[in-house]
Every structure is written in structure tokens, then in C-alpha cells.
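Me: Got a minute to go through this one with me? I'd like to start with the salt bridges, then move on to a pocket.

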Amino acid sequence: MSELDQRTPGVSNIGLPAAASAAGLSSADEWRTTFTGFSHIVLVANSDAVDIASLQAQFPQTALFVFFNKVYKVLDRPFHGHSLLISRGQPRGANIVYRGEVGEVVKFFPKEYFLGIMNIRLGPEEKLNPAADFQGAPTGHLDLVGFCSDFYTEGKTPTSGFAMALWLSDLKLPGAIVLAGFSARRSQKWRVVSAHDWSFEQTFLRLFARLGKITIHGGVALNPYIRLAQRFTEVPPAEIALAAAEVLSERLGNTDAEIDKLISLTNVIRSADNFMRRLRPKFLKRKPKGSPGE
């Protein structure tokens with residue numbers, strides 16, 4: 001049995017929260033009471049790195065799995081485990097609401113396991129939706145405006161997963177906080193939205209993991225630089241960090257040079273693309289206004 005199969009010491013024995021227990025919650029204290037009964041809070045990113053069946057098998061039945069918005073991109077069948085859905089507000093409200101996707105998303109969560117929806121917002125321009133907008137799904141709210149503003153990169157907005165990881169850590173829950181699939185990697189299926197500072201978030205989360213505040217599933221524990229420092233104790237960690245930064249700088253410089261070549265080679269293609277876009281009817285150019293902050 002792996003260490004993740006063990007119930008975390010200190011977790012409340014008052015029993016797990018009932019299904020639909022997220023309904024009507026709005027304060028940090030109310031949410032904390034709900035989370036206290038779980039041995040693990042597993043934040044599941046919308047990522048190619050997530051294998052739901054394998055992930056769930058590594059945790060006990062006392063774990064809570066937290067998903068984000070468009071879960072149909074990581075779930076292909078109902079999830080039979082304690083679950084919570086984070087739906088972030090945007091200037092027009094939650095995107096699963098204004099895109100009419102609530103039913104499509106909620107169908108993946110059987111009622112007997114589903115705590116409900118946590119509708120959050122992080123920026124003053126973001127809007128919370130009334131519970132009625134979520135078509136009868138049990139809904140609570142959490143207003144986190146300003147939560148990351150004192151340290152996050154200016155001009156950027158934190159992702160929902162990053163903000164929730166830090167907020168849950170601040171609650172000092174008895175259970176472990178685990179991040180699954182937080183790779184920040186671009187793929188054919190997932191884009192890396194430029195509104196977020198992915199490098200900052202990855203650095204911050206890894207530091208939090210080093211401090212033991214969170215656990216990154218399959219991530220930080222496998223860092224070869226840690227094993228390098230452990231193997232060659234005569235080399236100061238600072239020297240390893242400087243050498244790694246030097247190599248990274250050189251590789252980025254070489255990459256930039258190759259990107260410049262590609263930009264030059266694709267000038268004709270981009271000119272043709274821009275020309276075709278100008279020919280599109282105006283009604284096809286309209287996009288719903290909203291923040292990409294997920």
C-alpha cells in the first residue's frame with residue numbers, strides 16, 4: 001500500500017460531508033468545515049498528464065477530487081468518488097453558464113458523491129452567478145478578489161488551480177493538498193493562456209511543495225536536481241541552481257534564434273491569413289467578452 005493510501009494523521013473522524021453539502025456555502029470557515037472531513041484534497045487540472053482511473057486508484061475513498069469547469073475534456077465517464085467542481089466567474093459570469101454547458105458538465109458527477117459547485121471569482125471584473133444559474137446543482141460561492149494581488153505578476157491573472165492551491169493551504173486543513181496534472185505544458189489539446197504567468201505559478205507551487213504545504217503528484221519528488229544534490233553533497237545547491245540557470249539561458253537564446261527564423265519563413269503565410277480574416281463577415285468576428293482566467 002502506497003503512502004497515499006494511508007489516511008492522513010489528524011484528519012477529523014466526524015465523517016465525510018454529505019452529498020450536496022456545498023449548497024449555500026460562502027465563507028472560508030464554512031468551506032473549511034466541509035473540507036476538514038477528507039483525508040486528501042486532490043486538485044485535478046485539465047491536462048493531458050491526468051489519468052483519472054490511475055489517479056483515483058492511488059487515493060483512499062476519503063479523498064475529495066476537485067475538478068475545474070470543462071471536465072468533459074478529462075472525464076469520459078461518470079466519476080464515482082467524492083467530488084467538487086470549481087466554476088470561475090468571468091465578466092459575463094461562469095463560462096459553463098453562458099455557454100449552456102452546465103448539464104453537460106454536471107452529468108459526470110453522480111449525485112450520491114457530488115458535493116456541488118464552488119463558484120469563485122478572483123478579479124473585481126469577474127462576476128459570481130446566482131445558484132439558480134447552475135440548473136439545480138448544489139452551489140456555493142467564494143469571493144477571492146484581491147487574494148493574490150499583493151504578490152502575483154502585475155498585468156497577469158492567476159489561474160483558478162493556482163489560487164485554490166494557495167487558498168486551501170492557508171486553511172491549514174488536516175488533510176493533504178495534492179495537485180495532479182499541474183504541468184503548465186502546451187499540447188495539441190490544451191493551450192497555455194498568456195493571461196496567466198505560468199512560470200511564476202510553477203515556481204511558487206514547487207517552493208510550496210518543498211515546504212511541505214502541498215504535494216505535487218508525480219512532480220517535485222521526481223526532480224533530478226534534488227537527486228543530484230543528494231548524490232554529490234560536496235556541490236552546494238546554489239551552484240547547481242546557477243549552473244541550471246546558465247544552461248537554460250543558453251537554450252532559450254538558441255530557441256529564440258530558431259523562432260526568429262520560423263517567423264521570417266512564415267511571413268507569406270501570415271500575410272495570407274490576415275488577408276482572409278479581413279474578408280470574414282463582421283458577425284463571425286465577434287467573440288463573447290470575458291476573461292480567460294480559468
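Reply: Sure. In this predicted model, the side chains of Glu 258 and Lys 261 meet in a salt bridge, at 3.4 Å from N to O.

Me: How are Glu 258 and Lys 261 placed in helix 8?

Reply: They sit 3 residues apart in that helix, so about one helical turn separates Glu 258 from Lys 261.

Me: And is Glu 258 buried, exposed or partly exposed?

Reply: Glu 258 counts as partly exposed because its relative accessibility is 45%, and the exposed class starts over 50%.

Me: How many salt bridges does the structure hold?

Reply: There are 4. One of them joins the side chains of Arg 88 and Glu 126, at 2.8 Å from N to O. That pair links distant parts of the chain, 38 residues apart: Arg 88 is in strand 3, and Glu 126 is in the loop between strand 4 and strand 5.

Me: Are Arg 88 and Glu 126 buried or exposed?

Reply: Both are buried. By contrast, Arg 77 and Asp 76, which also form a salt bridge (3.2 Å, N to O), are both exposed.

Me: OK, pockets. How much space lies in the second largest one?

Reply: About 780 Å³. It is lined by 21 residues, and those closest to its centre are Thr 203, Arg 206, Asn 223, Tyr 225 and Leu 248.

Me: Which elements give two or more residues to that lining?

Reply: Helix 6, helix 7 and helix 8. By class, the lining has 14 nonpolar, 5 polar and 2 charged residues.

Me: Which domains does the lining draw on?

Reply: Domain 1 (28-216) and domain 2 (222-278), with at least three residues from each.

Definitions and conventions. Residues numbered from 1 in each chain as written. Predicted model: local features only at pLDDT ≥ 70, side-chain atom pairs only at ≥ 80, totals over all residues. Heavy atoms only, no water. 1 Å grid on protein atoms, 1.4 Å probe; cavity = no way out; pocket = protein on both sides within 12 Å on 5 of 7 lines; lining within 4 Å. Points joined across faces, edges and corners; volume = space filled by probe spheres on them. Helix = DSSP H or I, 4+ residues; strand = E, 2+ residues; numbered from the N terminus. Nonpolar A, V, L, I, M, F, W, Y, C, P; charged D, E, K, R; others polar. Domains from an automatic or database assignment. Buried < 20%, exposed > 50% of the residue type's maximum accessible area, 1.4 Å probe, protein only.
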